[in-house]
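Grab a pencil and try a few exercises on pockets, strands and salt bridges. Have a go at each task before you read its solution.

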Amino acid sequence: MKWLLSLLLLSTILLANEAQAIIKKLEKNLRGDYMYSTMSMIVTSKRGKRTVKIESWSEGNDKSFIKILYPKKDKGITFLKIDNQMWQYIPKIERTIKIPPSMMLQSWMGSDFTNDDMVKESSLEEDYSAKLLSKSGNSATLELIPKPDAAVVWGKIIIDVDLKNAVPVKETFYDDLMQKVRIMTFSKIEQHGSHRIPMIMELKPLDSNKKKNRTKVIFEKVNFDTKIDPSYFTKQALKRYSR
């Protein structure tokens, strides 16, 4: 009996190690040391459809700078994220605003993404314990449960992974009551330098009041290979690069 229990324990540890290895490989592939991108965000709701064009610079997982290029009324709005802090510059009123914790779950630019999504970009490897639920050929399904001290908003994430390309196919997010909250799907895998990434992401909230809501992000340019000027990751950049 002890032998059987030891075998079961060893099997569980090996599966956990495999799950963590999959997550580590996925994050390494999706995030370079530096990343520059341009993208279109198409927001669909009961009010209709709108497109936001975005330019983005990031360094690792802790620093990012975002500039709105379109529509005209929002052009020049900039966002800076350093660690878990976020600022916004609004050129029309020439003001820099720090986004307070109370606004973290509010919609970002009218989309289904939240300010929290833009700021936290939590590390799946560091903030979650991974468990391998199933594996078949080049596909695997993982369950991610937050570590006790992790500052994350999700109670659980289920990820379907394309093992060959080290990219997510679908992510299902649960709240702290273990109710499904939203689903993110990924498609159109392309090679950029040494990275293979999905060029299309679509977020669908599961709230009954948001049945028509969709937010689709389409990457247009992606560059992992060029070092980004550190001046982008300063508060002075919010106004300087707004123009």
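Here are four exercises on this predicted model, each with a worked solution.

**Exercise 1. Describe the largest pocket: its volume, its lining and the strands that supply that lining.**

Step 1: start with the space itself. Rolling a probe the size of a water molecule over the atoms shows where empty space is left. For the largest pocket, that space comes to about 670 Å³.

Step 2: look at the walls. The lining has 31 residues, and S111, D112, P205, K210 and N213 are the ones that lie nearest the centre.

Step 3: sort the lining by type. You get 9 nonpolar, 11 polar and 11 charged residues.

Step 4: find the strands behind it. At least two lining residues each come from β1 (34-45), β2 (48-59), β11 (180-192), β12 (195-205) and β13 (214-223).

**Exercise 2. Work out what kinds of residues line the second largest pocket, and which elements they come from.**

Step 1: note the volume, about 240 Å³ for the second largest pocket.

Step 2: list the lining: K24, E27, K28, R31, N61, D62, S123, E125, E126 and D127. Two elements give two or more of these residues, namely α1 (2-30) and α3 (124-127).

Step 3: sort them. This lining holds no nonpolar residues, 2 polar ones and 8 charged ones.

Step 4: check for a pair within the list. E27 and R31 make a salt bridge, and their closest N and O atoms are 3.1 Å apart.

Step 5: ask whether each partner is buried or partly exposed. E27 has 10% relative accessibility, so it counts as buried. R31 is at 30%, so it counts as partly exposed.

**Exercise 3. Trace how β3 pairs with β2 and with β4.**

Step 1: take β2 and β3 (residues 63-70). They run antiparallel and are joined by 7 bridges. One pair to find is E59 with its bridge partner K63 in β3.

Step 2: look at the turn. β2 and β3 make a hairpin with 3 residues between them, and G60 in that turn has a positive phi of about 55°.

Step 3: move to the other neighbour. β3 also pairs with β4 (residues 78-82), again in the antiparallel sense, over 5 bridges. Here K63 stands opposite I82 in β4.

**Exercise 4. Pick two salt bridges, D74 with R50 and R182 with D117, and say what parts each one joins.**

Step 1: recall the idea. Side chains of opposite charge can pair when their charged atoms come close. The whole structure has 9 salt bridges.

Step 2: try D74 and R50, with closest N and O atoms 3.3 Å apart. D74 sits in the loop between β3 and β4 while R50 is in strand β2, so the pair ties together parts that are 24 residues apart in sequence.

Step 3: check the surroundings. D74 has a relative accessible area of 10%, so it is buried. R50 has 28%, so it is partly exposed. There's also a network of salt bridges linking R50, K73 and D74.

Step 4: now R182 and D117, whose closest N and O atoms are 2.9 Å apart. This pair links distant parts of the chain, with R182 in strand β11 and D117 in helix α2 (residues 115-120), 65 residues apart.

Step 5: use the cut-off for buried, which is under 20% relative accessible area. R182 is at 7%, so it is buried. D117 is at 16%, so it counts as buried too.

Methods:
Residues numbered from 1 in each chain as written. Predicted model: local features only at pLDDT ≥ 70, side-chain atom pairs only at ≥ 80, totals over all residues. Heavy atoms only, no water. 1 Å grid on protein atoms, 1.4 Å probe; cavity = no way out; pocket = protein on both sides within 12 Å on 5 of 7 lines; lining within 4 Å. Points joined across faces, edges and corners; volume = space filled by probe spheres on them. Helix = DSSP H or I, 4+ residues; strand = E, 2+ residues; numbered from the N terminus. Nonpolar A, V, L, I, M, F, W, Y, C, P; charged D, E, K, R; others polar. Pairing = 2+ DSSP bridges. Salt bridge = Lys/Arg side-chain N within 4 Å of Asp/Glu carboxyl O. Buried < 20%, exposed > 50% of the residue type's maximum accessible area, 1.4 Å probe, protein only.
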